[in-house]
Amino acid sequence: MKTVSFSFVAKYPAKKVADCFTNPAFAKKHVSSKLVGKAGVLKADKKMVVRTMSIIGAAKDAPPSAAIIYFTETDAGKATQVSVTVTNVPDAKADAVKSVGKILAMDIAAFLAPKPVAKKAVAKKPSAKKPAAKKPAAKKPAAKNAVAKKPAAKKPSAKKPAAKKAVAKKAVAKKPAAKKPAAKKTSSSAPTLVIKK
């Protein structure tokens, strides 16, 4: 068993580089080793990551390996030197573990490249136009409400014929009152009775 060390420089701030070692999205892209990902992390911050590590191709009964990763800012914080020490590496896998440094440097540079961020910003612009198209559709139901109010205005006109009927009933009631003078004529026959006496 051996202890293997390697280092490389990533041209990104230390915090971004350190986040790659615990980011599941980066772990899916970096498949050359089990040095990254959340599984097995014991401690993580922008200066150091301590984790258990599985060596690809190691024997099942081999003792567990551990990795200590240091991050040192360089170039006024614009770049980061990454130093990795891995313990309990099988002798046959020592060279393979050392070669991980170059692969990690390339994978980190590709993962942190700003190009995918620019594509996401362009994709968001068409989605902002869709809600604007929905606003005119909201005005159409308001126009239907105005149409619905017009039949309500016709209802008072329906009350006017009812008022006419009431006037007609009053006229009918007055006609029988006109027959009362006819009853007086019968009373005028009383003097004829007097003449007979």
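How much area does the protein expose, and what share of it do carbon and sulfur atoms supply? In this predicted model, the exposed area is about 14,600 Å², and 64% of that area comes from carbon and sulfur atoms. Of the 197 residues in the protein, 21% are buried.

**Overall arrangement**

The secondary structure consists of 7 helices and 5 strands. Along the sequence these elements follow the order β-α-α-β-β-β-β-α-α-α-α-α. Among contacts with a separation of 6 or more, 58% join residues that lie 24 or more positions apart.

**The sheet**

The 5 strands build an open sheet with antiparallel pairing, arranged in the order β1-β5-β4-β3-β2. Because β1 (2-10) and β2 (41-44) stand at the edges, each has a single partner strand, and one side of each is left without a neighbour in the sheet. From one strand to the next, the twist averages 15°.

At one edge, β1 pairs with strand β5 (residues 79-89) in the antiparallel sense, over 8 bridges. Within this pairing, A10 is placed opposite T80 of β5. At the other edge, β2 is joined to strand β3 (residues 48-53) by 3 bridges, and the two strands run antiparallel. A44 has V49 in β3 as its bridge partner. β2 and β3 form a hairpin, with 3 residues between them.

**T80 in strand β5**

Is T80, a residue of strand β5, buried or exposed? T80 has a relative accessibility of 0% and therefore counts as buried, the cut-off being under 20%. Leaving out residues up to four places away in sequence, T80 touches F8, V9, A10, Y12, P13, A14, V17, F71, T72, E73 and T74. One of these residues, A14, is also reached through its backbone nitrogen, which lies at 2.9 Å from the side chain of T80.

**The salt bridge in helix α1**

The structure holds 1 salt bridge. The side chains of K15 and D19 form this interaction, with a distance of 3.3 Å from N to O. How many residues apart are K15 and D19 in helix α1? They are 4 residues apart in this helix (residues 14-20), so about one helical turn separates them. K15 counts as exposed because its relative accessibility is 52% and the cut-off is over 50%. D19, in contrast, is partly exposed, with a relative accessible area of 37%.

**K93 in the loop after β5**

K93 is found in the loop between β5 and α3 (94-98). With a relative accessibility of 26%, K93 counts as partly exposed. Its contacts, apart from neighbours within four places in sequence, are with I55, I56, G57 and A58. K93 and A58 are 35 residues apart in sequence, while their C-alpha atoms are 7.6 Å apart in space.

**Accessibility of the residues discussed**

The table gathers the accessibility values for these residues.

| Residue | Relative accessibility | Class |
|---|---|---|
| T80 | T80: 0% | T80: buried |
| K93 | K93: 26% | K93: partly exposed |
| D19 | D19: 37% | D19: partly exposed |
| K15 | K15: 52% | K15: exposed |

Terms used: Residues are numbered from 1 along each chain as its sequence is written. This is a predicted model: local features need pLDDT of at least 70, side-chain atom pairs count only at pLDDT 80 or more; totals for chains, interfaces and linings use all residues. Side-chain values use heavy atoms; hydrogens and water are left out. A salt bridge is a side-chain nitrogen of Lys or Arg within 4 Å of a carboxyl oxygen of Asp or Glu. Buried means under 20% relative accessible area, exposed over 50%, partly exposed in between (1.4 Å probe, protein chains only). Contact means heavy atoms within 4.5 Å. Accessible areas come from the Shrake-Rupley method with a 1.4 Å probe; for residues, only the protein chains shown count as cover. Two strands pair if DSSP finds at least two bridges between them. Axes are lines fitted to C-alpha atoms, for helices over the stretch in contact, and angles run from 0 to 180 degrees between N-to-C directions. A polar contact is a pair of N or O atoms within 3.5 Å; within protein, one must be able to donate a hydrogen and the other to accept it, and residues adjacent in sequence count only if both atoms are side-chain atoms.
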